[in-house]
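Could you walk me through this model stop by stop, telling me what to select next and what I will find there? I have the viewer open and would like to follow along.

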Amino acid sequence: MDAKEVLDRVREDNVKFISLQFVDVVGTVKSVDMPVDQLEGALENGVWFDGSSVEGFARIQESDMHLHVDPDTYAVLPWTPAEMRRARLFCDIYQPDGTPFPGDPRGTLKRTLAKLREERGWVYNVGPEPEFFLFRRNGPETIRPVPHDVVGYFDFSSDDEAVRVRTELMAALKSMGLEVEVGHHEVALGQHEIDFRFADALRTADNVLTLKYTVKAIAAQHGLIASFMPKPIFGINGSGMHCHQSLFDLRGNNLFFDPNDEFHLSSVAYGFIAGQLAHARALAAIVAPTVNSYKRLVPGYEAPVYICWAQINRSALIRIPRYTAGQHKATRAELRFPDPSANPYLAFTAMLIAGLDGIDKHIPCPPPLNNVNVYELNHEEREEMGIGELPGSLYEALQELDRDEVIKGAFDPTLYQAYRRAKLTEWDEFRIQVTDWELARFLETA
């Protein structure tokens with residue numbers, strides 16, 4: 001879509017305001033809003049803004065930043081009222097000298113994908129499965145998570161509140177350009193999943209953000225709180241964002257497919273899997289990026305903890321869905337430890353770089369663990385089989401990331417240091433908190 005097409009669409013959709021969107025280093029959506037009559041100038045000349053207060057962007061003395069609008073990302077925000085109808089456009093961040101800002105997460109992924117296309121003729125596709133909870137409010141000031149339904153995994157209900165909200169969400173997302181495939185109730189009470197069709201990683205990352213804020217906005221209209229927190233409730237399943245991945249060439253051929261292999265996987269696929277397994281401990285700091293992420297990544301709740309791959313084993317870090325004859329384009333590797341709190345631009349960049357490292361260095365792929373429940377193995381058995389384990393905390397993951405030159409190298413030092421600072425601050429704030437569990441355990445007994 002070019003600038004003229006965007007302006008035509010704006011008139012047809014009777015849009016009154018435009019939200020120019022970008023993300024900070026941790027994936028929070030930021031917005032510069034303008035009346036629609038300013039859009040033509042923004043499309044032609046961009047928009048200046050002060051980046052000094054945006055997480056990971058710039059110091060005070062170099063705060064001027066320039067938004068370059070991506071016209072292909074136009075979408076109407078369907079929950080806004082007609083008299084104040086808003087549309088959004090995603091933007092890339094540039095510096096005053098006209099060069100791309102190296103701390104821009106979206107620009108980082110965009111440049112990484114452009115290099116992949118130019119140097120190898122490849123396209124990186126991702127199909128995520130973001131899970132989330134819908135909670136009731138149970139007080140005007142404090143929020144305690146109370147699931148708003150009582151059904152379970154894939155349960156059908158003809159006309160309950162959960163079905164109505166989820167159906168409305170799917171319709172809204174479809175109107176914004178997402179190719180919604182299915183929506184269903186997940187394992188835990190109040191937990192849901194909406195899956196949309198895979199696309200190249202940049203469009204998919206845009207879609208993840210679109211899904212998150214659309215779900216939150218429409219849930220709020222129903223008096224509900226939508227949460228993508230990885231582990232909001234003790235003792236039940238948390239929310240993941242399994243990512244189905246593949247590499248295609250520019251002619252549309254799936255480079256992961258080999259008809260003669262036992263698992264229908266090519267040498268490219270095996271290298272990609274090996275690379276992600278080899279860098280999994282550092283990768284965790286990007287794809288499972290919050291202190292709460294490591295409350296989800298524990299044995300017993302379907303979240304993967306051990307570094308291995310398999311075709312049918314859901315305890316594995318990477319799973320290969322079964323091949324269906326004639327559907328070779330669907331051959332893919334499902335990475336199961338990302339969660340929806342991740343910044344999708346950084347996550348997809350790091351995932352791609354880890355996989356490419358395995359291909360380029362011919363890292364040997366370990367055998368699959370198809371008939372082994374890794375959770376039932378003891379430490380000595382796992383060690384004997386060469387099965388590693390993900391970090392047990394955000395701090396441990398950040399230490400692994402600091403030692404991994406390949407994953408660090410995926411990001412400009414400006415971006416990496418900004419991310420590291422933000423995450424170490426999060427860890428420091430977390431580690432000095434006194435929790436309800438500690439009070440219950442130690443207040444009277446210590």
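Start by selecting helix H3 (residues 105-120) together with H5 in this predicted model. Their axes lie 9 Å apart and the two helices pack at an angle of about 155 degrees. Angles over 145 degrees count as roughly antiparallel, and H3 and H5 are therefore roughly antiparallel to each other. Now show the side chains at the contact: H3 supplies Arg106, Leu109, Lys110 and Leu113, while H5 supplies Ala201, Leu202, Ala205 and Asp206. Colour them by class and you will find 5 nonpolar and 3 charged residues, with no polar ones.

Stay on H5, which covers residues 201-221, and pick out Asn207. Is Asn207 buried or exposed? Its relative accessible area is 8%, so Asn207 is buried, the cut-off for buried being under 20%. Setting aside residues up to four places away in sequence, Asn207 touches Leu178 and Phe196.

Phe196 leads to the next stop, strand E10 (residues 191-196). How many of the residues of E10 are buried? The count is 6 of 6, so the strand is mostly covered. In a regular strand, side chains alternate between the two faces of the sheet. Here, Gln191, Glu193 and Asp195 point one way, and His192, Ile194 and Phe196 point the other way. All of these residues are buried.

Next, add the strands that pair with E10. Strand E7 (residues 122-136) is joined to E10 by 3 bridges, and the two run antiparallel. To see one of the pairings, select His192 in E10 and its bridge partner Phe132. Strand E9 (residues 180-185) also runs antiparallel to E10, and 5 bridges join them. Here you can select Val182, which stands opposite Asp195 of E10.

Now move along the chain to helix H7 (residues 280-287) and helix H9 (residues 344-360). Their axes come within 9 Å and cross at roughly 165 degrees. H7 and H9 are therefore roughly antiparallel to each other. The crossing in which H7 passes H9 is left-handed. Which residues make the contact? From H7, select Leu283, Ile286 and Val287; from H9, select Leu346, Ala347, Ala350, Met351 and Ala354. By class, this contact of H7 with H9 has 8 nonpolar residues, no polar and no charged ones.

While H9 is on screen, select Ile359, which lies in that helix. At 14% relative accessibility, Ile359 counts as buried. Leaving out neighbours within four places in sequence, Ile359 is in contact with Trp122, Leu247, Val268, Gly271 and Phe272. You can also draw a distance from Ile359 to Ile273: their C-alpha atoms are separated by 8.7 Å, although the two residues are 86 residues apart along the chain.

Finish with two loops and their backbone angles. Most residues other than glycine have a negative phi. Select Asn14, in the loop between helix H1 (3-12) and strand E1 (17-23). What is the phi of Asn14? The value is near 55 degrees, which is positive in a residue other than glycine. At 44% relative accessibility, Asn14 counts as partly exposed.

For the last stop, select His264 in the loop between strand E13 (241-249) and helix H6 (267-278). His264 has a positive phi of about 60 degrees and is not a glycine.

Notes: Residues numbered from 1 in each chain as written. Predicted model: local features only at pLDDT ≥ 70, side-chain atom pairs only at ≥ 80, totals over all residues. Heavy atoms only, no water. Axes fitted to C-alpha atoms, helices over the stretch in contact; angles between N-to-C directions. Helix = DSSP H or I, 4+ residues; strand = E, 2+ residues; numbered from the N terminus. Parallel < 35°, antiparallel > 145°, perpendicular 65-115°, else oblique. Left-handed = near helix turned anticlockwise from the far one by under 90°. Contact = heavy atoms within 4.5 Å. Nonpolar A, V, L, I, M, F, W, Y, C, P; charged D, E, K, R; others polar. Buried < 20%, exposed > 50% of the residue type's maximum accessible area, 1.4 Å probe, protein only. Pairing = 2+ DSSP bridges.
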